[in-house]
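Thanks, everyone. Let's get the structure up on the screen, and then I'll walk you through it.

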Amino acid sequence: MARILVIRLGALGDFVQSFAPFAAIRAHHAHDRVDLLTQAPFIDLARHAPWFDHVHVDRRPPWHDLRAVLALRRLLRSYDFVYDLQTSGRSTRYFHLSGMKAWSGIGRGAQAIHDSPQRRVMHTRARQRDQLRHAGLDSLPVPDLSWLAQGGPVLSAPYGVLVPGAAAHRPAKRWPVERYAVLAQRMHARGMRPVIVGSKAEGPLAATIRTACPDAVDLTGRTSLLELGGVMARAACAVGNDTGPMHLAAALGVPCTVLFSADSNPALTAPVGQHAGQVRVIYVRDLATLRVDRVAATLA
């Protein structure tokens, strides 16, 4: 039995984009041990997923911490093959640290190097598909996410999820919260209860929306990622900025409207759904110019 390690760090959206590659690697190594190296926020999610035998936390040791770096090298060297789905500068340094050749990634000298000149212009999912093809895996299945769709509070249907937040250091990715408030009013008038999700730090956004629409449900800071999966899976629709929870909704098959500004490129990072037409992308250079009517029309 071979020992296989998968590396996936990054943000929630990056992690969700790797569900299909995770499933493909698990299927390809059905009789092997498959472990994951990831960051602390995704540990619980990864441990509940059906793809891994064990999950390690990457504590990102500083390079001057020799003891921690040597422990990381021992961990990497304990595996027979590594799939680096992060392919970042840091994870490529892990490749060089390990001294291994049995590696799928972008490090020069890797046995299954992904050196396509198109890497930088490929959507995340297409890039991962091509990387795994270089490693001998021919296809990416639509992953079974039934394990993710069960948890969280059960809310009366129908309801639509609003995701008004995004990374705090990238404000250009946020549609003005006042327009989410108007959208919530319109959803409620159509008989669909708005449910607001996000981190605890996004509570003030939810408060603004609830001032305009008191019947909206505020779940910001009140769900784990596993619980959020269940809330999303049971929703009639989801509308939000280019951020992790929208990737989760898309992966679960929820009809989604995702709002992009010039701060990110949907051709490279748009959420991937389960079927054609499920995910609608609205792209405008400045989200401050996006009218509520245009977003509301996608919910018809």
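I'll take the sheet first, then two helix pairs, then a helix and a loop residue.

One caution up front: this is a predicted model.

Start with the sheet. Six strands make it up, and the sheet is open. Reading across, the order is β9-β8-β7-β10-β11-β12. The pairing is parallel. Which strands sit at the edges? Those are β9, residues 217-218, and β12, residues 279-283. Each of these two pairs on one side only.

Now zoom in on β7 and β8. Strand β7 covers residues 159-163, and β8 covers residues 193-196. They run parallel, joined by 4 bridges. For a landmark, find Gly 160: across from it, in β8, stands Pro 194.

Something lies over these strands. Helix α9, residues 225-233, lies across β7, β8 and β10, the last being residues 237-241. Relative to β7, α9 runs at about 130°.

Next, the helix pairs. Two packed helices are described by the angle between their axes and the distance between the axes.

Pair one is α4, residues 66-77, with α5, residues 89-98. The angle is about 80°, and the axes are 9 Å apart. Angles of 65 to 115 degrees count as roughly perpendicular, so that is the label for α4 and α5. Who makes the contact? From α4, it is Val 69, Leu 72, Arg 73, Leu 76 and Arg 77. From α5, it is Tyr 94, Leu 97 and Ser 98. By class, that contact has 5 nonpolar, 1 polar and 2 charged residues.

Pair two is α2, residues 19-28, with α6. Here the angle is about 20°, with the axes 10 Å apart. The cut-off for roughly parallel is under 35 degrees, so α2 and α6 are roughly parallel to each other. Their crossing is right-handed. On the α2 side we have Ala 20, Pro 21, Ala 24 and Ile 25. They meet Arg 125, Gln 128 and Leu 132 of α6. The split for this contact is 5 nonpolar, 1 polar and 1 charged.

On to α10, residues 244-251. How many of its residues are buried? The count is 8 of 8. Among them are Met 246, His 247 and Leu 248. After α10 comes Gly 253, with a positive phi near 90°.

Last stop: Ser 116, in the loop between β6 and α6. Is Ser 116 buried or exposed? Its relative accessibility is 16%, so Ser 116 counts as buried. Leaving aside neighbours within four places in sequence, Ser 116 is in contact with Met 122 and Asp 130.

Technical notes
Residues are numbered from 1 along each chain as its sequence is written. This is a predicted model: local features need pLDDT of at least 70, side-chain atom pairs count only at pLDDT 80 or more; totals for chains, interfaces and linings use all residues. Side-chain values use heavy atoms; hydrogens and water are left out. Two strands pair if DSSP finds at least two bridges between them. Contact means heavy atoms within 4.5 Å. Axes are lines fitted to C-alpha atoms, for helices over the stretch in contact, and angles run from 0 to 180 degrees between N-to-C directions. Angles under 35 degrees count as roughly parallel, over 145 as roughly antiparallel, 65 to 115 as roughly perpendicular and the rest as oblique. Ala, Val, Leu, Ile, Met, Phe, Trp, Tyr, Cys and Pro count as nonpolar, Asp, Glu, Lys and Arg as charged, and the others, Gly among them, as polar. Buried means under 20% relative accessible area, exposed over 50%, partly exposed in between (1.4 Å probe, protein chains only). A crossing is left-handed if the near helix is turned anticlockwise from the far one by less than a right angle, and right-handed if clockwise.
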